[in-house]
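Visitor: Before we look, I would like to ask how the labels used for a model such as this one are justified.

Guide: Then let us take them one at a time.

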Amino acid sequence: MKIPENAANIISRLEDAGYEAYVVGGCVRDRLLGREPKDWDICTSALPEQVKEVFSGEKIFDTGIRHGTVTLLMDDPVEITTFRLDGEYLDSRRPESVTFTSSIEADLARRDFTVNAMAYSPRTGFIDPFGGRADLNKGIICAVGDPDERFREDALRILRGVRFSVSLDFEIDDNTAAAMLDCRSLLGRISAERVREELTKTLVSGRVKPSFMRFREIIAEIIPELRPAFDFDQHTVHHAFDVYEHILTAVDSYGGSDPAIKTALLLHDIAKPAMCRFYNGSAHFKGHPAAGAKMAEEILRRLKFDNKTRETVEMLIRFHDVRLTGGLPQLLKLLSLVGEEGLAQIFCVMYADQAAQSEYNREEKLALLGRGEENLRLALDRGLCYRLKDLNVSGEDIADLGLKGRKIRAGLNYALNGVMNGKVENEKGPLIKYMAEMAKKWE
């Protein structure tokens, strides 16, 4: 297996000094799959002090010395970790202690999944005591050793299993899957930040629908608000799936990697079960975008998402179901509310949402979306006015009409709406005349 020259040199120097050394974990897995690893981690039988001695004169730092990890700056930064055994896990996340060992097999035995429990050295070849290469070839995610024990040690491995299933497009072994489901309540002991990180990585890593359907109770463990969507029949010609399956189909229908859009799609119809009302035998969900935006804000706050992501997701859900008319005034109004980037994101959500619906009126709906995008390009190319700063009048011009205080901004907004709706040209003379007529009504 070909590895970077930098990693090969580090391994060679450690071996020349009498120690074992290997690239290990995800980098081995990815290279065997023909993927380019992001990082090349090295493990060794040398203790941290011995690693420092081998690389004396090089820049080396104690980045995780309690767990036997140092970082060597030689060309690119490389983490070097001593073989270790984990002590008892009391918090379902981290071992209380670690013990260094001289056995690579013992080190690999503490890892989560067989495909991540392989090591390689150009001199020694592959170390694969748990059949990781065979599982790679079969497309299977399988826990190392007793799966129940692995997940009770570190419950975050449950979400990692879902993520690897998505990113590798692999099936999860039945025994491993059963243990993941049995241990899912332990996810409540994992910090919100780590849950958020795994969820976000999973959403952008591949097709989520197969795994999120199979492990929906795990997803509901971290977002219980999704559970009412399970098997919730939408009772409308516009939809072919229940709410939850529609949500997942929409997530996978978005071809980009914007995590805010993926997150918004996961939550965009979360309020539908609560807002469902029946009229003439057909279900209607009036108000679900606003209700869903509020629910999403609470969910993302609970999971410690940053402010910008929360605001973006809330905005996307609030506007995802706007009924497009195909007209330019509506497009300019949306631009004024959410801006160019926000409206482009809304279109992404709308297209994905539409792709997850039934064939009913699909061509007409897609035509309206296409016209909306065309109007967006037109507005931007022509520099059409959709912001207060684009108006060719100022607050001073409004004040000259006798308006004061809050009425000045109200007058500017009145003028902006007039321009966007085609009632007045964005020229100073016509705008002042238009606002003068408005000012008389406000006297």
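Visitor: What makes strand 2 and strand 5 a pair?

Guide: In this predicted model, three bridges join strand 2 (residues 42-44) to strand 5 (residues 76-82), and the two run parallel. Pairing requires at least two bridges, so the three bridges here qualify strand 2 and strand 5 as a pair. Within that pairing, Ile-42 stands opposite Ile-80 in strand 5.

Visitor: How do you know that strand 4 also pairs with strand 5, and in which sense?

Guide: Strand 4 (residues 69-74) and strand 5 share six bridges in the antiparallel sense, and because at least two are needed, they count as a pair. Thr-69 stands opposite Thr-81 in strand 5. The two strands form a hairpin with one residue between them, and Asp-75 in the turn has a positive phi of about 70°.

Visitor: Why is Ile-80 said to belong to a nonpolar core?

Guide: A core joins buried residues of listed nonpolar types through side-chain atoms within 4.5 Å, and Ile-80 is a member of the largest one, which has 117 residues; Ile-80 is among those that touch the most other members, as are Val-23 and Phe-212. The largest share of this core, eleven residues, comes from helix 17 (residues 328-355).

Visitor: What makes charged the right word for 24 residues lining the largest pocket?

Guide: Asp, Glu, Lys and Arg count as charged, so Asp-41, Arg-111, Arg-160 and Arg-163, which are among the lining residues nearest the pocket's centre, fall under that heading. The rest of the lining divides into ten nonpolar and nine polar residues.

Definitions and conventions:
Residues numbered from 1 in each chain as written. Predicted model: local features only at pLDDT ≥ 70, side-chain atom pairs only at ≥ 80, totals over all residues. Heavy atoms only, no water. Buried < 20%, exposed > 50% of the residue type's maximum accessible area, 1.4 Å probe, protein only. Helix = DSSP H or I, 4+ residues; strand = E, 2+ residues; numbered from the N terminus. 1 Å grid on protein atoms, 1.4 Å probe; cavity = no way out; pocket = protein on both sides within 12 Å on 5 of 7 lines; lining within 4 Å.
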